Amino acid sequence: MSTITFRLNQVKQRINDAEKLYGRPPSSVSLLAVSKTKPASAILEAFNAGQYCFGESYLQDALPKIEALKEYDIEWHFTGPIQSNKTLAIAAHFSWVHSVDRLKIAQRLNEQRPVELKPLNICLQVNMDHEKNKSGIHPEELFPIAEALSLMPNIRLRGLMSIPKATKNRENQRKPFHQLQKLQQALIENGYLLDTLSMGMSNDLEAAVAEGATMVRIGTAIFGSRD
Ligand SMILES: *Cc1c(COP(=O)(O)O)cnc(C)c1O
């Protein structure tokens with residue numbers, strides 16, 4: 001068995017174990033394999049081991065891989081910071097964007113989504129750490145932005161995403177995830193049909209599952225460390 005296949009199975013086992021430990025229904029947490037900086041051959045190895053959704057954070061790094069793997073039925077998710085001049089290519093080549101952090105980016109993705117494709121699935125990235133220079137929508141700004149997005153025909157708001165400050169202790173890891181889940185719940189109570197809570201990475205997957213993640217975004221634990 002290849003290293004990537006072995007690690008992929010390990011990560012799936014971690015997800016299953018966390019679902020059991022925290023009383024989540026079996027298979028309620030899906031796995032996004034974050035392949036940023038890794039070659040197409042590594043993605044193909046994971047694909048052949050049964051992985052179907054892949055996340056990329058750098059457009060210039062992602063586009064050649066998407067082209068090289070176009071004959072495979074891969075679902076591509078964009079997870080990185082988005083500058084305005086990148087929205088056209090993102091709207092054309094991805095099925096999901098997890099990192100929408102301002103209204104203007106959503107507007108551009110909506111305008112630029114090719115008509116022959118299904119609406120682009122969107123998660124709003126929320127800044128849960130109250131850090132000034134960190135990307136992400138501040139919780140107070142979330143509702144008006146969600147409302148504006150709900151009127152855009154070519155994008156579909158699926159839920160929230162966050163990348164909290166890294167910390168080792170599981171209880172501390174759970175706090176921002178808990179807050180994000182509460183925000184998601186508040187939106188749902190206001191009539192938004194959201195089904196995706198994108199949270200949890202290699203080091204805090206279990207804490208995210210404990211707090212209701214429906215999609216964990218795992219890079220290092222599958223593909224090894226990045227330079
Ligand atoms: C890189 C990245 C990940 C994966 O992080 P790991 O710690 O390698 O699992 C997840 N989400 C986003 C947004 C990323 O940029």
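**Exercise 1.** In this predicted model, determine how the lining of the largest pocket divides by residue class.

*Solution.* Begin with the class counts: nine nonpolar, twelve polar and six charged residues form the lining of the largest pocket. Next, consider position: the lining comprises 27 residues, and K36, I163, M201, R217 and R226 lie nearest the centre of the largest pocket. Finally, the space in the largest pocket amounts to about 510 Å³.

**Exercise 2.** Locate the ligand and describe the shell around the ligand.

*Solution.* The ligand sits in the largest pocket. Around the ligand there are 13 residues, and those that come nearest are K36, S202, R217, G219 and T220. Sorted by class, this shell holds five nonpolar, five polar and three charged residues.

**Exercise 3.** Identify polar contacts of the ligand with K36, G219 and R226, and state how much of the ligand the protein buries.

*Solution.* Apply the cut-off for a polar contact, a pair of N or O atoms within 3.5 Å. A polar side-chain atom of K36 is 2.6 Å from a ligand oxygen atom. For G219, a backbone N or O atom is 2.8 Å from an oxygen atom of the ligand. For R226, a polar side-chain atom is 2.9 Å from an oxygen atom of the ligand. Turning to area, the ligand taken alone exposes 380 Å², of which the protein buries 89%.

**Exercise 4.** Characterise the second largest pocket by volume and lining.

*Solution.* The volume of the second largest pocket is about 440 Å³. Its lining has 18 residues, with I74, W76, H93, F94 and S95 nearest the centre. At least two lining residues come from each of β3 (75-78) and α4 (87-93). By class, the lining of the second largest pocket contains ten nonpolar, three polar and five charged residues.

Terms used: Residues numbered from 1 in each chain as written. Predicted model: local features only at pLDDT ≥ 70, side-chain atom pairs only at ≥ 80, totals over all residues. Heavy atoms only, no water. Near = heavy atom within 4 Å. Polar contact = N/O pair within 3.5 Å; in protein donor to acceptor, adjacent residues only side chain to side chain. Areas by Shrake-Rupley, 256 points an atom, 1.4 Å probe, with all protein chains shown as cover. 1 Å grid on protein atoms, 1.4 Å probe; cavity = no way out; pocket = protein on both sides within 12 Å on 5 of 7 lines; lining within 4 Å. Sits in = over half its atoms within 2 Å of the grid points. Nonpolar A, V, L, I, M, F, W, Y, C, P; charged D, E, K, R; others polar. Points joined across faces, edges and corners; volume = space filled by probe spheres on them. Helix = DSSP H or I, 4+ residues; strand = E, 2+ residues; numbered from the N terminus.
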